[in-house]
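Please open the model in your viewer and keep the selection panel at hand. The tour goes from one strand to its partners, and then on to the ligand.

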Amino acid sequence: MFMLNEIVEHKRLEVEEKKRNSPLSDLQGKLRDARPVRDFYSALKAPGISLIAEIKKKSPSKGEFPNRLAAAELARLYSQNGARAISVLADEKYFGGGAHVVERVANDPSVHIPVMYKEFIIDPYQIYEARSIGADAVLLIVRSIGDTSLLTEMIATAQDLGMDALVECFTAEEAAEAVIAKARIIGINNRDLQSFDVDLRRSEDIRSIIPDTALTVSESGLATAADAVEAERRGFDAILVGEALLKSNDITQQVRAFAGLEVSQHLKS
Ligand SMILES: O=C(O)c1ccccc1NCC(=O)[C@H](O)[C@H](O)COP(=O)(O)O
């Protein structure tokens, strides 16, 4: 998990600087004016597999993505073609995103689906930032947080602010921790963050230990609409897809396919 450790170390410095420039009380003051929360949990719970479509410029495993659309344009396209939620990278250094990108997407009048603040959250401060800029959900990575009571506190903080938390794990132990922390939405990352290898089977095994009371999300490395159909067959409620959309020559068509709007009959049988 070398890459994750590096990102988290960098994030600690960034958060300290943000707190110096904009103290928590400033963010709390902005909460009143934030746009009302859209219901992320209900969006994922709707019948059929729910697509969370991701916006990022680059990633450590794949480098720069070829897409030339601005984030808000991409978000509108996702929103209008069957995605049920949008994940926007808030991290700038490793993913080319930013809080201002999340803010732009979350407040775009043509985006009608929930927006997740996708960040390496290590401090409740970041959850306040997410809500103050209009996000509807946050990502909490069990391994980055590294402590069950802090994870429990962060899930509660998100809920107190009206948001949902997608709690991400890599192993069965982390999934068990997410359950103990009362996560309502649990994501399993298919990508090994050391080797960057993707194994969709591994997440299926981990999913089987998560009680049905939580929604489950298959994250990373889904390459085709057939992978979405397979995830649904394996009992996942949602999928999180970035690269396969962002590198497509026809993003509209690709979003519709992952959202199950264009899947040919033979994939479903
Ligand atoms: O994707 C990476 O290279 C990566 C490296 C280090 C930490 C996290 C990383 N990815 C975060 C993600 O969860 C993915 O952006 C997301 O699941 C979408 O994956 P994909 O469809 O493969 O773009």
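Select β1 first and look along its side chains: Ser 50, Ile 52 and Glu 54 point one way, Leu 51, Ala 53 and Ile 55 point the other way, and all are buried, where buried means that 20 or more other C-beta atoms, placed from the backbone, lie within 10 Å of the residue's own. Because six of the six residues of this strand (residues 50-55) are buried, β1 is largely enclosed by the rest of the structure. Strands here are DSSP runs of E of at least two residues, and helices are runs of H or I of at least four, numbered from the N terminus.

This is a predicted model, in which local features need pLDDT of at least 70 and side-chain atom pairs count only at pLDDT 80 or more, while totals for chains, interfaces and linings use all residues. Residues are numbered from 1 along each chain as its sequence is written.

Next, add β10, which pairs with β1 in the parallel sense over four bridges; two strands pair if DSSP finds at least two bridges between them. Ile 52 has Leu 240 as its bridge partner in β10. Then add β4 (residues 85-89), which also pairs with β1 in the parallel sense over four bridges, and where Ala 85 is the bridge partner of Ile 52.

Now select the ligand, which 18 residues surround, the closest being Ser 59, Ser 61, Ser 220, Gly 242 and Glu 243; a residue counts as near if its C-beta atom, placed from the backbone, lies within 6 Å. The elements that give two or more residues to this shell are α1 (2-21), β10 (238-241) and α12 (243-246).

Methods
A residue is buried if 20 or more other C-beta atoms lie within 10 Å of its own, exposed if 12 or fewer, and partly exposed in between; C-beta atoms are placed from the backbone.
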